[in-house]
Amino acid sequence: MNTLLRATSRRALASTSRRQVAPASTRWVSTLKDYKYTAKATATGAGRNGHVESEGLKFDLALPKEMGGTGKGQNPEQLFALGYAGCFLGAIQFQARQLGKEEQGEKAVVHAEVHIGPPSDRPGLGLAVDLTVEGVDDELLQAAHQTCPYSRAVSDSIAVNLKKA
């Protein structure tokens with residue numbers, strides 16, 4: 001830590017001890033020190049009624065019928081649910097090895113539901129996620145949620161409901 005930053009931090013701590021400070025919410029922003037893999041995707045056409053491609057995967061997109069579309073294609077929420085389910089299962093298996101619960105990791109099944117609709121606190125659309133996990137105990141479920149990159153990425157912006165099946 002450089003000298004200026006240390007001095008500033010000491011002054012901030014000293015002044016904090018003399019006065020009442022309202023608690024601030026903390027938001028962690030992760031930066032990567034090294035990239036292990038980079039996924040690339042391209043969207044073309046009419047947005048939610050367009051086309052997406054990523055390294056051999058190709059999907060035609062269509063608004064779901066519930067949102068006034070044809071439903072004759074995939075939608076971003078389905079793709080997000082697929083990614084979250086797979087990532088969360090990987091986090092379960094990683095944590096199962098760390099906690100000596102390999103059998104739970106091998107038997108785990110993750111079901112993800114991604115909901116879209118108007119949020120209660122701002123205009124536009126928002127997401128909510130339900131993750132239902134089979135074959136794990138509470139300790140492993142919570143450890144996976146703390147580790148999963150998707151869970152960490154959405155922790156300040158999307159309600160994620162965890163439950164065991």
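**Helix H4 and its surroundings in the predicted model**

In helix H4, which spans residues 138-147, the buried positions are Leu140, Leu141, Ala143, Ala144 and His145. The cover over these buried residues of H4 includes helix H2 (76-99), helix H3 (102-107), strand E5, helix H5 (149-154) and strand E6 (159-164). At the N-terminal end of H4, Asp137 acts as a cap, with a side-chain oxygen placed 3.3 Å from the backbone nitrogen of Glu139. Within helix H5 lies Ser151, which counts as buried because its relative accessible area is 3%. When neighbours within four places in sequence are left aside, the contacts of Ser151 are with Tyr84, Phe88 and His145, the last of which is itself among the buried residues of H4.

The model described here is predicted, and the mean pLDDT of the protein chain is 87, with 83% of its residues reaching 70 or more. Over residues 1-23, however, the pLDDT is below 50, and this stretch has three contacts in the model beyond near neighbours in sequence. The secondary structure of the protein chain consists of five helices and six strands, which follow one another from the N terminus in the order α-β-β-β-α-α-β-β-α-α-β. Of the 165 residues in the protein chain, 23% are buried, and about 11,900 Å² of the chain is exposed, 54% of it supplied by carbon and sulfur atoms. Of the contacts between residues at least 6 apart in sequence, 47% join residues at least 24 apart.

One instance of pairing across the sequence is found at Asp130, a residue of strand E5. Asp130 and Asn161 are separated by 31 residues in sequence, yet their C-alpha atoms are 4.7 Å apart in space, and a polar contact of 2.9 Å joins their side chains. The side chain of Asp130 also makes a polar contact of 2.7 Å with the side chain of His115. Apart from neighbours within four places in sequence, the residues in contact with Asp130 are His111, Ala112, Glu113, His115 and Asn161.

Seven salt bridges are present in the structure. In one of them, the side chains of Glu77 and Arg48 meet at 2.5 Å, N to O; this pair links distant parts of the chain, with Glu77 in helix H2 and Arg48, 29 residues away, in the loop between strand E1 (42-44) and strand E2 (51-54). Glu77 counts as buried because its relative accessibility is 9%, whereas Arg48, at 27%, counts as partly exposed. Another salt bridge joins Lys36 to Asp34, where the closest N and O atoms are 3.3 Å apart; Lys36 is classed as exposed at 74% relative accessibility, and Asp34 as partly exposed at 47%. In a further pair, the side chains of Asp121 and Arg122 meet at 3.6 Å, N to O, with both partners exposed, Asp121 at 58% relative accessibility and Arg122 at 56%. Salt bridges that share partners also join Lys101, Asp137 and Glu139 into one network, so that network includes Asp137, the residue that caps H4.

On the surface, a nonpolar patch is formed by Met67, Ile116, Leu125 and Leu127, which together have about 300 Å² of accessible area. Leu125 lies in the loop between strand E4 (109-117) and strand E5 (126-134), and this residue counts as exposed because its relative accessibility is 54%, above the 50% cut-off for that class.

Key:
Residues are numbered from 1 along each chain as its sequence is written. This is a predicted model: local features need pLDDT of at least 70, side-chain atom pairs count only at pLDDT 80 or more; totals for chains, interfaces and linings use all residues. Side-chain values use heavy atoms; hydrogens and water are left out. Patches are made of residues with over 30% relative accessible area and no salt bridge: like charges are joined within 9 Å, nonpolar side chains (Val, Leu, Ile, Met, Phe, Trp, Tyr) within 5 Å. Accessible areas come from the Shrake-Rupley method with a 1.4 Å probe; for residues, only the protein chains shown count as cover. A salt bridge is a side-chain nitrogen of Lys or Arg within 4 Å of a carboxyl oxygen of Asp or Glu. Helices (H or I, at least four residues) and strands (E, at least two) are DSSP runs, numbered from the N terminus. Buried means under 20% relative accessible area, exposed over 50%, partly exposed in between (1.4 Å probe, protein chains only). pLDDT is the predictor's confidence in each residue, from 0 to 100. Contact means heavy atoms within 4.5 Å. A polar contact is a pair of N or O atoms within 3.5 Å; within protein, one must be able to donate a hydrogen and the other to accept it, and residues adjacent in sequence count only if both atoms are side-chain atoms.
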